[in-house]
Amino acid sequence: MSCVHAHDSPVLEMCACGRIYLTYGPVTVAFKYAEFVRFARNVARLADTAIERHGTQMLADTHQTH
């Protein structure tokens, strides 16, 4: 597996052994299927939280008076 990917995109590979390998930059993590699904759902939830907080911060910044 290559450690360098175009546009820094993560790469997901499924092995015949049933493991899922997620590679992002120099890091590769091996999961069982259920572990990967839990991980992916948690990362999606964290991303939603970060987007929500970032958007709220941007809105708060636009309404400040100087």
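In this predicted model, E13 stands opposite Y21 of strand 2, a convenient place to begin a walk through the strands. The pairing around these residues is antiparallel: strand 1, covering residues 11-14, and strand 2, covering residues 20-24, are joined over 4 bridges. The two strands make a hairpin with 5 residues between them, and within this hairpin G18 adopts a positive phi near 100 degrees.

Strand 2 also pairs with strand 3, which spans residues 27-31; the two run antiparallel and are linked by 5 bridges. Here L22 is found opposite V29 of strand 3. Strand 2 and strand 3 form a hairpin as well, with 2 residues between them, and G25 in its turn has a positive phi of about 60 degrees.

Attention now turns to the aromatic side chains. A search of the whole structure returns 2 aromatic pairs. In the pair of F31 and F36, the ring centres are 5.6 Å apart and the planes meet at 70 degrees, so the arrangement is edge-to-face, given that angles over 60 degrees fall in that class. F31 and F36 are both buried. F31 also pairs with F39, this time in a tilted arrangement, with 5.0 Å from centre to centre and 35 degrees between the planes. Together, F31, F36 and F39 make up one aromatic cluster.

The accessibility of the cluster members adds a little more detail. F31 has a relative accessibility of 8% and therefore counts as buried, the cut-off being under 20%. F39, with a relative accessible area of 36%, is partly exposed.

Definitions and conventions: Residues are numbered from 1 along each chain as its sequence is written. This is a predicted model: local features need pLDDT of at least 70, side-chain atom pairs count only at pLDDT 80 or more; totals for chains, interfaces and linings use all residues. Side-chain values use heavy atoms; hydrogens and water are left out. Rings of Phe, Tyr and Trp (its six-membered ring) pair if their centres lie within 6.5 Å; planes under 30 degrees apart count as stacked, over 60 as edge-to-face and the rest as tilted. Buried means under 20% relative accessible area, exposed over 50%, partly exposed in between (1.4 Å probe, protein chains only). Two strands pair if DSSP finds at least two bridges between them.
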